[in-house]
Amino acid sequence: MNEKDLEEAFAEFDAFLEVLRPFFATPRALVPNPKRLYEMRAAFDAISEIVLEVTPDAEIECEIHEIGDGSAAIRVSTTELEVTDIRHFYNAVRFADNFEIYPTFDGKICMDIMFEAVFHCVPL
């Protein structure tokens, strides 16, 4: 990339930040959505059971989206992923809004299961 390309890329990124500025300027709190929390917890329990059965040293975690839009995700990082009970797997991910599996440079497999509206954003 030359200097002109970098300047254009940063200009586009600055424009993106300007779009987000009002969102961050308003103080807000995240209020749990009990139904979505229950669905996410059920998915976490089922995915943990499925993954840990095959790979006991897999890392499984829940995280709230860093922008604070009320979404959250279950992230699995493992060396092996095998699903033997498709119905159980389907029941685990059926309430998710997005799902992806991808390889990483360290030779692991990551699985992300995203849930929107796990929290409601309430202006303060």
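In what order do the α and β elements of the protein run from the N terminus on?

The elements run α-β-α-β-β-α-β-β-β. Helices (H or I, at least four residues) and strands (E, at least two) are DSSP runs, numbered from the N terminus. The model is predicted: local features need pLDDT of at least 70, side-chain atom pairs count only at pLDDT 80 or more, and totals for chains, interfaces and linings use all residues. Residues are numbered from 1 along each chain as its sequence is written, and side-chain values use heavy atoms, with hydrogens and water left out.

**Exercise 1. Describe the overall form of the protein.**

Step 1. Count the elements. The protein has three helices and six strands.

Step 2. Compare the radius of gyration with the globule rule. The radius is taken over C-alpha atoms, and the rule is 2.2 Å times the number of residues to the power 0.38. For 124 residues the rule gives 14 Å; the radius of gyration of the protein is 18 Å, well over that, so the protein is more spread out than a compact globule.

Step 3. Take the spans. Along its principal axes the C-alpha trace covers about 50 × 45 × 20 Å.

Step 4. Check burial. Buried means under 20% relative accessible area, exposed over 50%, and partly exposed in between (1.4 Å probe, protein chains only). Of the 124 residues, 28% count as buried.

**Exercise 2. Trace the salt-bridge network that includes Arg36.**

Step 1. Set the criterion. Side chains of opposite charge can pair when their charged atoms come close. A salt bridge here is a side-chain nitrogen of Lys or Arg within 4 Å of a carboxyl oxygen of Asp or Glu. The structure holds seven.

Step 2. Start at Lys35. Lys35 bridges to Glu39, with the closest N and O atoms 2.8 Å apart. The two are four residues apart in helix 2 (residues 34-54), so about one helical turn separates them. Lys35 counts as exposed because its relative accessibility is 55%. Glu39 is buried, at 7%.

Step 3. Move on to Arg36. Glu39 also meets Arg36 in a salt bridge, at 2.6 Å from N to O. This pair is three residues apart in helix 2, again about one helical turn. Arg36 is buried, with 11% relative accessibility.

Step 4. Leave the helix. Arg36 forms a salt bridge with Asp97 too (2.6 Å, N to O). That pair links distant parts of the chain, 61 residues apart: Arg36 sits in helix 2, and Asp97 in the loop between helix 3 (86-93) and strand 4 (98-103). Asp97 is partly exposed, at 42%.

Step 5. Join the pairs. Lys35, Arg36, Glu39 and Asp97 are linked in a network of salt bridges.

**Exercise 3. Find and classify the aromatic pairing.**

Step 1. Apply the rule. Rings of Phe, Tyr and Trp (its six-membered ring) pair if their centres lie within 6.5 Å; planes under 30 degrees apart count as stacked, over 60 as edge-to-face and the rest as tilted. The count is one aromatic pair.

Step 2. Classify it. Phe89 and Phe99 are edge-to-face, with 5.6 Å centre to centre and 75° between the planes.

Step 3. Place it. Phe89 is in helix 3 and Phe99 in strand 4, ten residues apart, so the pair links distant parts of the chain. Phe89 is buried at 16% relative accessible area, whereas Phe99 is partly exposed at 32%.

**Exercise 4. Decide the bonding state of Cys110 and Cys121.**

Step 1. Set the cut-off. A disulfide is a pair of cysteine sulfur atoms within 2.5 Å. The structure holds zero disulfides.

Step 2. Take Cys110. Its nearest cysteine sulfur, that of Cys62, is 14 Å away. Cys110 is buried, at 8%.

Step 3. Take Cys121. The closest cysteine sulfur to that of Cys121 is in Cys62, 18 Å away, which is too far for a bond. Cys121 is partly exposed, at 32%.

**Exercise 5. Locate a nonpolar surface patch.**

Step 1. State the rule. Patches are made of residues with over 30% relative accessible area and no salt bridge: like charges are joined within 9 Å, nonpolar side chains (Val, Leu, Ile, Met, Phe, Trp, Tyr) within 5 Å.

Step 2. List the members. Leu6, Phe10, Phe13, Phe16 and Leu17 form a nonpolar patch on the surface, with about 480 Å² of accessible area together. Accessible areas come from the Shrake-Rupley method with a 1.4 Å probe; for residues, only the protein chains shown count as cover.

Step 3. Inspect one member. Phe10 lies in helix 1 (residues 3-25) and counts as exposed, at 53% relative accessibility.
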